[in-house]
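Q: Could we go through this structure together, feature by feature, so that I learn how to read each one?

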Amino acid sequence: MKTVKDVFAEFKARLSELYATDETDAITSLVLSELIQTNKAKLKAFPELEIPESIGLQLTDILSRLETGEPAQYILGETEFYGLPFKVSPAVLIPRPETEELVQWILDTTKQTPVKTILDIGAGSGCIAIALKKHLPNVQVYAMDVSAAALNIAKQNAVLNEAEVHFIFDDILNPAEQLPQFDIIVSNPPYVTLEDKEQMHRNVTDFEPHTALFVPQDDPLIFYRAITQFAAKKLNSNGYLFFEINENYGEQTIDLINNNQFINSELRKDLTDRDRMTKAQLRG
């Protein structure tokens, strides 16, 4: 019977051409902790723990799929974001740690400036909107996406996390919905250029939804421009606009924001020291 240690060794051997060792270990921990319903700390503490044969068969199937580059989160159908469970499918991007940092920045801002309404544009799995609603239960939270399939997943996640979020099916490049005013608008829109794509891992480019990822090489800020102009009209006076951004376009994004009635703009790095998010305030 295989042990936890055996599984880590097998995953490392078969996925070494796709992932670095630390990534492989993280994937193995994610898969094992889900299948045997234990935490990652226990996996590290008890490497000789035996794996039931039925789970061993599941691991064999999962490993074969991982070798194609398919993300573990899609195989398992779920992931964690900001301490909350989320269903995921190829219809939505897999939530990432840097987006948790964006959520934290918003929550820190609301401690100093109380808000009543928030809109998340390009909601995907709903991770930003739902995480904010869970920590700001008295705030009205709205989430917009152009993908009906993504909104379906987001609605399931709202039910899963018992979070009341108002979902909107609309295209921010050509919005039709009549919406209220907001105190905060946040977005993690598509921002990957074709040039960026060449540097990306195939587990992203081959499996995650292209409409949520890619923008034209000749107009990489197309969504930032549309959302900034929209926010200039739909934010309350002194309201805040937050973005997750392409690290290669930090200064250009700030310039765009500053040219559209916003002040007090900030460009913030993530924990890996990359320009990853912005914050600005609508001029009062």
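Q: Where should I begin, and how much accessible surface does the protein chain have?
A: Begin with the origin of the coordinates, since this is a predicted model. The accessible surface of the protein chain comes to about 13,700 Å², and carbon and sulfur atoms account for 49% of that area.

Q: What does the radius of gyration of the protein chain say when it is set against a compact globule?
A: The idea is to compare the value with what a compact globule of that length would have: for 284 residues the expectation is near 19 Å, and the protein chain has 20 Å, which agrees. The extents of the C-alpha trace along its principal axes, about 65 × 40 × 30 Å, can be read beside that value.

Q: How many helices and strands are there, and what percentage of the residues is buried?
A: The secondary structure comprises 12 helices and nine strands. Buried residues, meaning those under 20% relative accessible area, make up 53% of the 284 residues in the protein chain. As for contacts between residues at least 6 apart in sequence, 65% of them join residues that are at least 24 apart.

Q: How many positive and negative side chains does the protein chain have, and how far apart are the centres of the two sets?
A: There are 26 positive and 42 negative side chains, and the centres of these two sets lie 5 Å apart.

Q: How should I read aromatic pairs, and how many are there?
A: A pair is described by the distance between ring centres and the angle between ring planes, with angles over 60 degrees counted as edge-to-face and those from 30 to 60 degrees as tilted. By this rule there are six aromatic pairs. One of them joins phenylalanine 81 and tyrosine 82, which are 6.5 Å apart centre to centre with 40 degrees between the planes, a tilted arrangement. Phenylalanine 81 and tyrosine 82 are both buried, and together with Phe86 they form one aromatic cluster.

Q: What geometry does the pair of tryptophan 105 and phenylalanine 242 have, and which parts of the chain does it tie together?
A: Tryptophan 105 and phenylalanine 242 form an aromatic pair that is edge-to-face, at 5.6 Å centre to centre and 80 degrees between the planes. Because tryptophan 105 lies in helix α6 (residues 97-112) and phenylalanine 242 in strand β7 (residues 235-244), the pair ties together parts that are 137 residues apart in sequence. Both tryptophan 105 and phenylalanine 242 are buried.

Q: Is tyrosine 142 buried or exposed, and which residues does it touch?
A: Tyrosine 142, in strand β4 (residues 140-145), has a relative accessible area of 18% and is therefore buried. Leaving aside residues up to four places away in sequence, tyrosine 142 touches Ile118, Leu119, Asp120, Val165, His166, Ile168, Pro180 and Phe182.

Q: Which residues have a positive phi although they are not glycines, and where do they lie?
A: Among them is glutamine 37, with a phi of about 50 degrees; its place is in the loop between α2 (21-35) and α3 (40-45), and its relative accessibility of 62% makes it count as exposed. Another is asparagine 238, with a phi of about 70 degrees, which lies in strand β7 and is partly exposed, at a relative accessible area of 39%.

Key:
Residues are numbered from 1 along each chain as its sequence is written. Side-chain values use heavy atoms; hydrogens and water are left out. Helices (H or I, at least four residues) and strands (E, at least two) are DSSP runs, numbered from the N terminus. The radius of gyration is taken over C-alpha atoms; the globule rule is 2.2 Å times the number of residues to the power 0.38. Buried means under 20% relative accessible area, exposed over 50%, partly exposed in between (1.4 Å probe, protein chains only). Contact means heavy atoms within 4.5 Å. Accessible areas come from the Shrake-Rupley method with a 1.4 Å probe; for residues, only the protein chains shown count as cover. Lys and Arg count as positive and Asp and Glu as negative; His and the chain ends are not counted. The place of a charge is taken as NZ of Lys, CZ of Arg, CG of Asp or CD of Glu.
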